[in-house]
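Ready for some practice in reading a protein structure? Take a moment to look over the picture and the sequence, then try each exercise before reading its solution.

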There are 2 protein chains.
Amino acid sequence: MFQRVTIIGLGLIGGSIGLALRKAEAAREVVGYDMGKGVCDRARQIGAISQASTDLADAVRNAELVILATPVRTISHLFQQLAPLLTPGTVVTDVASTKAQIIGWAEEFLPHHVAFVGGHPMAGKEISGVEAADATLFYKRIYCVTPTAHTQPVAIQKVSTLAEIIGARIRLLDAHDHDRQVAAISHLPFLASVALVNTVGSEPDWSDTAILASTGFRDASRLAEGNSVMYRDICLTNTDAITHRLDEYIAELNSLRDQLVEHDPTIIEKFLQSQQTRRQWQEMHKELS
Amino acid sequence: MFQRVTIIGLGLIGGSIGLALRKAEAAREVVGYDMGKGVCDRARQIGAISQASTDLADAVRNAELVILATPVRTISHLFQQLAPLLTPGTVVTDVASTKAQIIGWAEEFLPHHVAFVGGHPMAGKEISGVEAADATLFYKRIYCVTPTAHTQPVAIQKVSTLAEIIGARIRLLDAHDHDRQVAAISHLPFLASVALVNTVGSEPDWSDTAILASTGFRDASRLAEGNSVMYRDICLTNTDAITHRLDEYIAELNSLRDQLVEHDPTIIEKFLQSQQTRRQWQEMHKELS
């Protein structure tokens, strides 16, 4: 049971954490802070927070846990604003998709009397905003926590408790490993989806082509719907890992292209290989089927 | 109401057409033919056909409509086998994803006393086989029909009736336009998905990375599960259109890569562009949401 949890940024993830905490009656107070017009009101209406605050100092005063759920680059500014406001003993965490950069900012800006650990729940939807919040979003999902040699155990413990309450499964890993792995299974798929939609959408016959697009296109293009500010910040803060994966992806596509123009029937081996990889992945993740 | 409909190839599409026809009680007989071990038995068990035939001549004798629902390249052989067996007046159609090549084979191999028109229902699933068949698969989906200057009206009429019975919406278009458009919204997305899975799956840390992969990866990789023989044949018969789209896709990815390495925040414009394109597409296809 938490006393006072403050969520800064009430989008899909922040809102869903609030809903899950309140549904579990696991916090005496869930305070929300969001600079978006009317966002706090909507969060309170759907029950994602117990009270809203329009003042950052009020919002975090005496908080047991402060969860930053904003786009990555906003977190740098927030750390600087929060530094003089945080109560000693408060644990601070975030839910962003790049971790090494955020840990660097935390070490640079946060005072020593607060404990920080980075976190990243592996869950999302293509739609964003508090209206899309869902108390069950994290159920059975992996919740990455990326401690460093300097992380205080209390921070790991509080975030692990949070993850447990919202139904997720904790995975402790190194921030650089996290960033490289998430570049592969989240950031690269997003860029692949964006490029796909822009490629087919910019053809002169797109208005006719669009009529034929069905469930295959729907699924392949879904990630392109994601929050653009969030993904811009991810690209600007996890650049090396994403570039590395993107280069490999382009090389793989060029290799498929070579087989295609040569009418090489052994292209089927690549199809079988991807089928096998995906099926093995599905075996690991029966909760997602 | 059809008298005798013969479906050759009882996979996902052939099986689903059979189920839909029989559910609508729209054919006196639905005869099934499939060379796969036990496939006809399973098709009969689930009600996709009223009777099975192990002899191609028996299967198509006196058929009003013969539907070829096999991988693309098999259709070339089937046309040659069927040519001496088809009863005058029978309408022949197919459901494959490339049309120009199939029309060429039909003109080369089929006798003049049967009427052929190419068709392609825009529906599918990542799982294949008659076990995945679904009577509602085509409901509200587009059913492409690609007549030529030589197509007999009776063929268009019979296939339009079929489409109507199974709940689909007919769209008449030129075979080359079809092939170019389907390369964009079906064949390219498949290759993009295969390359994505193979790129991330071949990394040495894939077994760790796979643990983090969640719904985003699930959707982006779904098409890679598709029937490999079917997609191999598509690649071998719609090569030019797919290569053209793939080249554009690789160029688009390289352009994203340039912005990425330059830490260019205006990369967000590409994200917003794809979001807008996808939302416009969704407005057109409310039945898929």
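The exercises below concern a predicted model.

**Exercise 1.** Work out which residues of strand β7 (residues 142-146) of chain B point one way and which the other way.

*Solution.* Start with the general pattern: side chains in a regular strand alternate between the two faces of the sheet. Now walk along the strand. B:Ile142, B:Cys144 and B:Thr146 point one way. B:Tyr143 and B:Val145 point the other way.

**Exercise 2.** Decide whether β7(B) is largely enclosed by the rest of the structure, and explain why.

*Solution.* Buried means under 20% relative accessible area. Next, count: 5 of the 5 residues of β7(B) are buried. The strand is therefore largely enclosed by the rest of the structure.

**Exercise 3.** Find the strands that pair with β7(B), and give the sense of each pairing.

*Solution.* Take strand β6 (residues 115-121) of chain B to begin with: β6(B) runs antiparallel to β7(B), and 4 bridges join them. Here B:Gly118 has B:Thr146 as its bridge partner. Then turn to strand β8 (residues 169-172) of chain B, which pairs with β7(B) in the parallel sense over 4 bridges. In this pairing, B:Arg169 of β8(B) stands opposite B:Ile142. To get from β7(B) to β8(B), the chain passes through helix α6 (residues 153-165) of chain B, making a right-handed β-α-β crossover.

**Exercise 4.** Describe how chain A and chain B are related.

*Solution.* Chain A is superposed on chain B by a rotation of 180°, with 0.0 Å of shift along the axis and an RMSD of 0.0 Å. The two copies are thus related as by a two-fold rotation axis. Finally, check the contacts: the same surface serves both copies, as 100% of chain A's contact residues recur in chain B.

Definitions and conventions: Residues numbered from 1 in each chain as written. Chains lettered and ligands numbered in written order. Predicted model: local features only at pLDDT ≥ 70, side-chain atom pairs only at ≥ 80, totals over all residues. Heavy atoms only, no water. Buried < 20%, exposed > 50% of the residue type's maximum accessible area, 1.4 Å probe, protein only. Helix = DSSP H or I, 4+ residues; strand = E, 2+ residues; numbered from the N terminus. Pairing = 2+ DSSP bridges. Right-handed = clockwise from strand over helix to strand, strands pointing away. Least-squares fit on C-alpha atoms with pLDDT ≥ 70 in both. Contact = heavy atoms within 4.5 Å.
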